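Okay, thanks for having me, everyone. I have one structure to walk you through today, so let me put it up and then we can talk.

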Amino acid sequence: MINIGRKFKRSFILLMKALLIGAGFQIPLYFYVGNFTKKDYISTENSVSSEYGIEVCTEKRNFVFIKCMKCATETMATIIRRFGYKRVLNFVLPVKNNIYLGWPYIMEKSDYRPSKWPYNIIFEHSVYNSSVMSALMPNDTVYITSIREPWNRLVSSFQYFRIGDIAEVPKNNFTEYVKNIEKYDKTFSDPKKHKFRGCIADNFSLVQNLQGHCLGMPLGFPKERMDISKNLTAIKEYINHIEKQFSLVMIVEYMYESLILLKRMMCWSLQDILHHSSNVLGVKQTYAKGNNYNIYKNYSHIDFIIYDHFNATFWRKVKAQGQDFYDELDHFKLIQMLINQFCFVEGNTKPNGKFLTIPKSRFNSEFNFTSDECGLMSRYLLIDLREQYDRVEQPKKEDLTGKWEEPPRGCSYPIPNH
């Protein structure tokens, strides 16, 4: 451990190394890491305070995060699952080894594991429904989600879910796909293609107003559900309803800004929002928008309305934070860069028995980021949460079985394909 008298020197070295890393230099880890014991491990105190005069507050632990496919939700999982796992909070977990809470259907009792204790967190894929979720969650529950610019989400989905291949698009041509998107979307979602789609339900579109669907807007799926997609007044009324219910709608294109807003709103620590990018394609192909953009905007018009609305509210929230928001944003980017270097730089992944000391600042107390924490950040923690549930609840076997037949509601991939 490094003693207090070396704080200034360590802070100076930390800053210089961040600047060098930002300039492209590779910094040997031993310059700023040490060894740790279990007593040095991360604190799980439920309050955040500062010696710089920042108001003391208590972290919020009861929340629902609505996940929408290809909206950085598995990156958020490295934050949220870790946050709850370390504190042994009670997640609403899918039954068996399933990875969805009924999604893309509205969650039912048979979709989640019963608990003897009040629930704290809903995070796994589910469709927002106020009556269902408020009945499960405490009165002080905070509702959060993340959305993405719809064209970017389309491109990401086309590549990630192999839509061109499954929909039989000639030569996997993206322009051909968009020009005839309704035709190919039906082919992709046809029940005959179920075995190729895996966890995606039959007759459900991954590319038409998906963000609206995940936020609970009634858009005609399943077929007996109301469809307001052609009623602009009803659409805007529902969006206003979402704005009232959700304390934060994060914007994927501005993830760092979103995380600072999340940290401040939830009274979390800087350490809590450090993350690892997950389910990101190594090679991304870009596509010219041109007239394709207008075709898709017409096909998925609700998602564009949602994005424009909440992009505007997002920046109003940022503006209300004041100048120190940007100071904290710069600080967070620097620390995240150092954590990435420490945990994931080639040849140093999960350096056993090491820790990185992050000095005290006006935005954080001093803390050690350990190799164990690197592991938690990069591991698929849904499996760990299931094991934690079994230890805490000691459930009867029949409580975990669920009562539906697969498909459509069951999906038990061990590793998520989303």
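I'll go through a pocket, a cavity, some salt bridges and two polar side chains. Keep in mind throughout that this is a predicted model.

Let's start with open space. I want to talk about the second largest pocket, which holds about 740 Å³ of space. It has 24 lining residues, and the ones closest to its centre are N203, S205, Q208, L219 and G220. So if you want to find the spot on your screen, click on those five.

Which helix gives the largest share of that lining? That's α7, with four residues. At least two residues apiece come from α7 (181–189), α9 (210–214) and α13 (290–299). As for chemistry, the lining of this pocket splits into seven nonpolar, 10 polar and seven charged residues.

Now hang on to α9 for a second, since Q211 sits in that helix. Is Q211 buried or exposed? Its relative accessible area is 2%, and anything under 20% counts as buried, so Q211 is buried. And what does its side chain find in there? A polar atom of the Q211 side chain lies 2.7 Å from the backbone nitrogen of R148. Leaving out residues up to four places away in sequence, Q211 touches C68, C71, I147, R148, P150, R153, D303 and I306. Remember I306, please, as we'll meet that residue again in a moment.

Next, closed space. Just as a reminder, rolling a probe the size of a water molecule over the atoms shows where empty space is left. How many cavities of 30 Å³ or more turn up in the whole structure? One. The largest cavity holds about 30 Å³. Its lining is made of G212, L215, M217, Y238, I239, I242, I306 and F310, and there is I306, which is also on the contact list of Q211. Two elements give two or more residues each to this lining, namely α10 (232–245) and α14 (301–321). The largest share, three residues, is from α10. In terms of class, we have seven nonpolar residues, one polar and no charged ones. Put that beside the pocket, where seven of the lining residues are charged.

Okay, salt bridges. The idea is familiar: side chains of opposite charge can pair when their charged atoms come close. A search over the whole structure gives 18 of them, and I'll show you a few.

One pairs R87 with E59, at 2.8 Å from N to O. Why do I say this pair ties together separate parts of the chain? R87 is in the loop between α2 (73–86) and β5 (121–122), while E59 is in the loop between β3 (57–58) and β4 (63–66), so the salt bridge links parts that are 28 residues apart in sequence. Both partners are buried: R87 has 10% relative accessibility, and E59 has a relative accessible area of 7%.

Another joins E74 and K67, with an N to O distance of 2.7 Å. Here E74 is buried at 5% relative accessible area, and K67 is buried with a value of 0%.

Then there's R197 with D202, at 2.4 Å from N to O. R197 counts as buried, at 2%, whereas D202 is partly exposed, at 21%. Going back to R87 and E59, there's also a network to look at: salt bridges that share partners join E59, R61, R87 and D272.

Last stop is N62, which is placed in the loop between β3 and β4, the loop that also holds E59. N62 counts as buried, with 14% relative accessibility. Which side chains does the N62 side chain make polar contacts with? One is the side chain of N120, at 2.8 Å. Another is the side chain of D140, at 2.9 Å. If you take all contacts, again skipping residues up to four places away in sequence, N62 touches Y119, N120, P138, D140, T141 and V142.

To recap with the two polar side chains: Q211 is buried in this model, with a side-chain polar atom 2.7 Å from the backbone nitrogen of R148. N62 is buried as well, and its side chain has polar contacts with the side chains of N120 and D140. That's what I had, happy to rotate the view if anyone wants another look.

Note on methods
Residues numbered from 1 in each chain as written. Predicted model: local features only at pLDDT ≥ 70, side-chain atom pairs only at ≥ 80, totals over all residues. Heavy atoms only, no water. 1 Å grid on protein atoms, 1.4 Å probe; cavity = no way out; pocket = protein on both sides within 12 Å on 5 of 7 lines; lining within 4 Å. Points joined across faces, edges and corners; volume = space filled by probe spheres on them. Nonpolar A, V, L, I, M, F, W, Y, C, P; charged D, E, K, R; others polar. Buried < 20%, exposed > 50% of the residue type's maximum accessible area, 1.4 Å probe, protein only. Polar contact = N/O pair within 3.5 Å; in protein donor to acceptor, adjacent residues only side chain to side chain. Contact = heavy atoms within 4.5 Å. Salt bridge = Lys/Arg side-chain N within 4 Å of Asp/Glu carboxyl O.
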